[in-house]
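Please read the following points with the structure open beside you. They deal with the two ligands and the residues around them.

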Amino acid sequence: MKPYLLATIGASLFAVSFGTQAANVPEVLQSKCASCHALTQPESTSLDRLWERKGPDLYYAGSKFNKDWLVKWLQNPVKIRPAGEFYRKHVKPGTKEDVVDESSLTAHPELITAEAEAAANALMTLTGPADLVEKGAFKNQKVTTAMGAMYFNKLRGCSACHTTAPGKGGLSGPEIATAGERLQPDFIYSYIKDPQKIDKGIWMPKLDISDADLQKLTSYIVQLSAKEDKK
Ligand code: HEC
Ligand code: HEC
């Protein structure tokens, strides 16, 4: 009774929610997903943990993903990170450009529809710390594809690590072509603004980007995905 009350009252207080969160992780995830994904906020913030982790953290999945995408993807888990998790383990050394060693990548577990819906519902309840994402930050202003692409590829160098189409861009970050379908816009905005606030130790640089430019980059990513859908 007592810990439950504390967790409810202090859900945003790290110290309190940390100790009690495990009890709140739905069983459907605990049994099948916890071996590869952090479902509660990890204590360690070191680079070693990123190197060792077998999958991306899911303890803030509810603040990150669009639920419809989760249901679809869990049944048909196409690659998001071209070089897997963690990318240095899956690129061949000694080559001038990164080449992915496809044979070292394993396929993601596939769920049937009912399981995918249950897992997606459960994931949406894991929202992480209350201040992780700036809610309402994204203003949904249109940006021309040419302008957005110039910011993404040239001015901010995002394409060094991200692909905006298969084979177009770097391999050390998640693909961006379908990121707008996958991710909540406020999450995209907040991640670009301060990657380490969300993913401690991650190697995406924290740049000093104005709100106006964060809006352009986020709009570009959201629109890119909408364009993919029409193909
Ligand atoms: C054997 C390890 C393993 C297991 C078990 C596993 N996953 Fe994953 N998961 C991964 C890896 C690796 C990725 C990254 C895939 C990629 O980027 O293409 C991933 C990616 C994901 C993503 C996308 C995350 C993101 O940030 O892009 C979701 C959602 C997900 N898994 C959910 C689940 C659920 C739900 C379960 C349990 C039913 C599960 N996973 C079980 C290894 C695993
Ligand atoms: C040095 C490499 C690097 C650069 C440069 C970089 N990123 Fe990233 N980015 C990453 C990595 C690594 C991740 C998270 C990896 C993970 O979740 O496994 C990431 C995550 C993201 C995400 C969240 C994607 C998701 O599916 O979780 C977005 C959106 C993003 N980056 C946008 C950008 C934008 C916009 C720029 C340019 C301003 C940029 N990135 C520059 C490496 C980079």
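1. In this predicted model, the shell around ligand 2 holds 21 residues, and those that come nearest are Arg81, Cys158, Cys161, His162 and Met204. By type, the shell around ligand 2 divides into twelve nonpolar, four polar and five charged residues.

2. Where does ligand 2 lie with respect to domain 1 and domain 2? Domain 1 (14-124) and domain 2 (145-230) both contribute residues to its shell, so ligand 2 lies between them. Helix H9 (residues 185-193) provides the largest share of this shell, namely three residues.

3. The iron atom of ligand 2 deserves separate attention. Its protein donors are His162, through NE2, and Met204, through SD, at 2.0 to 2.2 Å from the iron atom. These two residues come from distant parts of the chain, 42 residues apart. His162 sits in the loop between helix H7 (145-155) and strand S1 (163-165), while Met204 belongs to the loop between helix H10 (195-198) and helix H11 (211-230).

4. The geometry of this iron site is octahedral, with angles of 88 to 178° among its six donor atoms. For comparison, the ideal angles for six octahedral donors are 90 or 180 degrees.

5. Are the two protein donors buried or exposed? His162 has a relative accessibility of 13% and counts as buried, because the limit for this class is under 20%. Met204, with a relative accessible area of 21%, is partly exposed.

6. Ligand 2 also has polar contacts with side chains. An N or O atom in the side chain of His162 is 2.8 Å from a nitrogen atom of ligand 2. A polar side-chain atom of Arg182 lies 2.8 Å from an oxygen atom of ligand 2, and one of Lys64 lies 3.3 Å from an oxygen atom of ligand 2.

7. Lys64 should be noted again at ligand 1, where an N or O atom of its side chain is 2.8 Å from an oxygen atom of that ligand. The side chain of His37 has an N or O atom 2.7 Å from a nitrogen atom of ligand 1. Ile80 takes part through its backbone: an N or O atom there lies 2.7 Å from an oxygen atom of ligand 1.

8. Which residues are closest to ligand 1? Of the 21 that surround it, these are Cys33, Cys36, His37, Ile80 and His108. Helix H3 (27-32) and helix H5 (67-75) each supply at least two residues of this shell, and H5 gives the most, with three. The shell around ligand 1 comprises twelve nonpolar, four polar and five charged residues.

Key: Residues are numbered from 1 along each chain as its sequence is written. Chains are lettered from A and ligands numbered from 1 in the order in which they are written. This is a predicted model: local features need pLDDT of at least 70, side-chain atom pairs count only at pLDDT 80 or more; totals for chains, interfaces and linings use all residues. Side-chain values use heavy atoms; hydrogens and water are left out. Donors are N, O and S atoms within 2.8 Å of the metal (3.2 Å for Na, K and Ca); water is not among the atoms, so sites may look incomplete. Four donors count as tetrahedral if all angles lie between 85 and 135 degrees; four count as square planar and six as octahedral if opposite donors are over 155 degrees apart and all others between 65 and 115; anything else is irregular. Helices (H or I, at least four residues) and strands (E, at least two) are DSSP runs, numbered from the N terminus. Buried means under 20% relative accessible area, exposed over 50%, partly exposed in between (1.4 Å probe, protein chains only). A residue is near a molecule or strand if one of its heavy atoms lies within 4 Å of it. A polar contact is a pair of N or O atoms within 3.5 Å; within protein, one must be able to donate a hydrogen and the other to accept it, and residues adjacent in sequence count only if both atoms are side-chain atoms. Ala, Val, Leu, Ile, Met, Phe, Trp, Tyr, Cys and Pro count as nonpolar, Asp, Glu, Lys and Arg as charged, and the others, Gly among them, as polar. Domain bounds come from an automatic or database domain assignment.
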